[in-house]
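Hi,

Here is the structure I said I would pass on to you. Have a look at it in your viewer first, and then read on for what turned up.

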Amino acid sequence: MTAEHVILILRTFYTFRRKTAKTKARELAAKLGVSERSIFRYINQIEIAGIPIEHKSGAHGGFTLLKGGADE
């Protein structure tokens with residue numbers, strides 16, 4: 001995991017937080033030029049760092065940056 005990828009993921013979450021509630025792994029992978037599997041690994045590391053992220057599966061699913069973690 002590179003710090004650049006983590007920063008871009010978090011910036012994307014903050015941007016989407018204002019527009020929509022969810023960001024899809026597919027969108028993040030395309031933006032970063034990595035696999036969806038890599039996105040799931042990055043998300044796991046971000047959560048370990050204390051930043052709460054909710055994940056919902058399915059057509060209307062995605063990642064949501066939650067309040068109350070390291071961003072507060």
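**What was found**

Right after α2 comes Gly-33, whose phi is positive, near 70 degrees. A similar note applies further along: α3 is followed by Gly-50, and there phi is positive as well, near 100 degrees. Please keep in mind throughout that this is a predicted model.

Now for the overall layout. The chain holds 3 helices and 2 strands, and read from the N terminus they come in the order α-α-α-β-β. The chain has 72 residues, of which 33% count as buried. If you take the contacts between residues at least 6 apart in sequence, 47% of them join residues at least 24 apart.

Next, the helix that ends just before Gly-33. Which residues of α2 are buried? They are Ala-25, Leu-28, Ala-29 and Leu-32. These four cover an arc of only 100 degrees around the axis, which puts them on the same side of α2. The general rule behind such a pattern is that an α-helix has 3.6 residues a turn, so residues three or four places apart point the same way. On the other side of α2 you will find Arg-26, Ala-30 and Lys-31, which are exposed.

The loop that leads from α2 to α3 contains Ser-35. Ser-35 has a relative accessibility of 37%, so this residue counts as partly exposed. From Ser-35 back to Ala-25 there are 10 residues in sequence, and the distance in space is 8.8 Å, C-alpha to C-alpha.

Helix α3 (residues 36-48) allows a quick check of its length. With 13 residues at 1.5 Å a residue, α3 should span 18 Å, and its end C-alpha atoms are 19 Å apart, which agrees. The buried residues in α3 are Ser-38, Ile-39, Tyr-42, Ile-43 and Ile-46. Their arc around the axis is only 140 degrees, and this puts them on the same side of α3. Arg-37 and Ile-48 are exposed, on the face of α3 turned away from its buried side.

Two residues from the start of the chain are worth a look too. Thr-2 sits in the segment before α1 and is partly exposed, at 37% relative accessible area. Although Thr-2 and Tyr-42 are 40 residues apart along the chain, their C-alpha atoms are separated by 8.8 Å. Val-6 belongs to helix α1 (residues 3-19). Is Val-6 buried or exposed? Val-6 has a relative accessible area of 17%, under the 20% cut-off, and therefore counts as buried. Its C-alpha atom is 9.9 Å from that of Leu-32, which lies 26 residues away along the chain.

Finally, the part you may want to open alongside your own tools: the pockets. The largest pocket has a volume of about 160 Å³. It is lined by 13 residues, and those closest to its centre are Lys-24, Ala-25, His-55, Gly-58 and Gly-62. Which elements each supply at least two residues of this lining? They are α2 (25-32), α3, β1 (53-56) and β2 (62-65). By character, the lining divides into 3 nonpolar, 6 polar and 4 charged residues. Ala-25 thus turns up both on the buried side of α2 and among the residues closest to the centre of the largest pocket.

Best wishes

How values were computed: Residues numbered from 1 in each chain as written. Predicted model: local features only at pLDDT ≥ 70, side-chain atom pairs only at ≥ 80, totals over all residues. Heavy atoms only, no water. Expected span 1.5 Å × (residues − 1). Buried < 20%, exposed > 50% of the residue type's maximum accessible area, 1.4 Å probe, protein only. Arc of directions from axis to C-beta. 1 Å grid on protein atoms, 1.4 Å probe; cavity = no way out; pocket = protein on both sides within 12 Å on 5 of 7 lines; lining within 4 Å. Points joined across faces, edges and corners; volume = space filled by probe spheres on them. Nonpolar A, V, L, I, M, F, W, Y, C, P; charged D, E, K, R; others polar. Contact = heavy atoms within 4.5 Å.
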